[in-house]
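Please look through the sequence and the structure that follow, and keep both at hand while you read. The report after them takes up one topic at a time.

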Amino acid sequence: MESYILLHNNFYKHCKPLISSVKKLLEKIHIPIVRTESLALDEKFLPFITPVEYFKPLILLLDKAQQDGHKVLVCDSQSLLVITRLLKNLYENTELREELAKACAIDILNLENSFVFAPEVLVDRIPLDAIKHRRWEGFKCAFIIDRELEERIRELQILSRIESFTGLKILPFFKESYAYLLQSNPKLAYKMGAMDYYEMVDCGVDFIITANLGNFELMDKHIKDLQDVSGRDTAEIPLLFMPQVILALFMDSNAESLEFNAHKIKPQML
């Protein structure tokens, strides 16, 4: 059985419910985790530090996992994009590739199979007998996904597979995340985030799923700012991470174990 090193992107401290729910779900479905590694992954760092300094810890993690016979399990789309963009850049940018190869003392072109996106693993490992008594039948949700990942998500049929075992009706929204603007231009971040949030809300969804830490930071932690900038009266539709949605199907799950109290918009479904 494949074993994994769980990658915890700790850039946004408000997003602790993601890593907690991932760990609980992996334990329930018996996916072995060797250890958890924490890195702060967000490309807004790049103007302030050199690419070698920024990417070296990530490359060493991927290489070490591969050398030890494990894979890095990436549980958020923000980290996945950092990794996939890096690998693409390494193939196209000879100078960067040589600099990083020298700094890390490894063959960095052999890292393509060193990681996997968590949803691609989870959807095949859910024990259907354990969740047959509690499904999301009758619930409709939005799933906001990075536009850059649209082809990957559609090709692997991730959403239809989630629908099949959860009972959910999922409306996909492939959009860029504007969380990167929170430090440089927060007003614009709130404006763009509010447009996306209320576009989903106005579709009559019961909740919103995201795999992007930045979206959760922007649309949950800063929801009052989004509400103010949009002039809307209410902001009651919560954001959930996918592992929370799946964990909720197990009979021993409740609002406390799912850490719903860590959300600014408190989910009321359980």
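## Helix α1

The model shown here is a predicted one, and a convenient place to begin is helix α1, which covers residues 16-28. Its buried residues are Pro-17, Leu-18, Ile-19, Ser-20, Ser-21, Val-22, Leu-25 and Leu-26. After α1 comes His-30, a residue whose phi is positive, near 60°.

Does the length of α1 fit its number of residues, and what span should be expected for 13 residues at 1.5 Å a residue? The expected span is 18 Å, and because the C-alpha atoms at the two ends of α1 are 19 Å apart, the two values agree.

## Two domains

The protein chain is divided into domain 1, residues 4-120, and domain 2, residues 127-262. The centres of domain 1 and domain 2, taken over C-alpha atoms, are separated by 23 Å. Where the domains meet, 25 residues of domain 1 are in contact with 29 residues of domain 2.

## The largest nonpolar core

The largest nonpolar core has 102 residues, and Ile-59, Leu-100, Tyr-197 and Ile-208 are those with the most contacts inside it. Helix α2, residues 51-67, gives the largest share of this core, namely eight residues. The core draws at least three residues from each of domain 1 and domain 2.

Leu-100 can serve as an example of how a core residue is surrounded. Leaving aside residues up to four places away in sequence, Leu-100 touches Pro-51, Val-52, Phe-55, Lys-56, Ile-59, Leu-86, Leu-90, Ala-105 and Ile-108. Ile-59, one of the residues touched by Leu-100, is also among those with the most contacts inside the core.

## Aromatic rings

A pair of aromatic rings is described by two quantities, the distance of the centres and the angle of the planes. A search of the whole structure finds seven aromatic pairs. In one of them, the rings of Tyr-197 and Tyr-198 have centres 4.9 Å apart and planes at 85°, and because an angle over 60 degrees counts as edge-to-face, this pair is edge-to-face.

Tyr-197 has a relative accessible area of 0% and is therefore buried, and Tyr-198, at 4% relative accessibility, also counts as buried. Elsewhere, ring pairs link Trp-136, Phe-139 and Phe-207 into a cluster.

## Cysteines

A disulfide is a covalent bond between the sulfur atoms of two cysteines. A search of the whole structure finds zero disulfides. Cys-203 is in no disulfide, and the nearest cysteine sulfur, which belongs to Cys-141, is 12 Å away.

Is Cys-203 buried, exposed or partly exposed? With a relative accessible area of 32%, Cys-203 is partly exposed, because this value falls between the 20% below which a residue is buried and the 50% above which a residue is exposed. Cys-104, in contrast, has 7% relative accessibility and so counts as buried.

## Residues with positive phi

Ala-105 is a residue other than glycine with a positive phi, near 60°. Ala-105 is found in the loop between α4, residues 94-104, and β4, residues 115-117, and because its relative accessibility is 67%, Ala-105 counts as exposed.

Glu-259 is also a residue other than glycine whose phi is positive, near 60°. Glu-259 lies in the segment after α12, residues 242-247. Is Glu-259 buried or exposed? Its relative accessibility is 18%, and since buried means under 20%, Glu-259 counts as buried.

Methods
Residues are numbered from 1 along each chain as its sequence is written. This is a predicted model: local features need pLDDT of at least 70, side-chain atom pairs count only at pLDDT 80 or more; totals for chains, interfaces and linings use all residues. Side-chain values use heavy atoms; hydrogens and water are left out. A nonpolar core is a set of buried Ala, Val, Leu, Ile, Met, Phe, Trp, Tyr and Cys residues joined through side-chain atoms within 4.5 Å. Buried means under 20% relative accessible area, exposed over 50%, partly exposed in between (1.4 Å probe, protein chains only). Helices (H or I, at least four residues) and strands (E, at least two) are DSSP runs, numbered from the N terminus. Domain bounds come from an automatic or database domain assignment. Contact means heavy atoms within 4.5 Å. The expected span of a helix is 1.5 Å times one less than its number of residues. A disulfide is a pair of cysteine sulfur atoms within 2.5 Å. Rings of Phe, Tyr and Trp (its six-membered ring) pair if their centres lie within 6.5 Å; planes under 30 degrees apart count as stacked, over 60 as edge-to-face and the rest as tilted.
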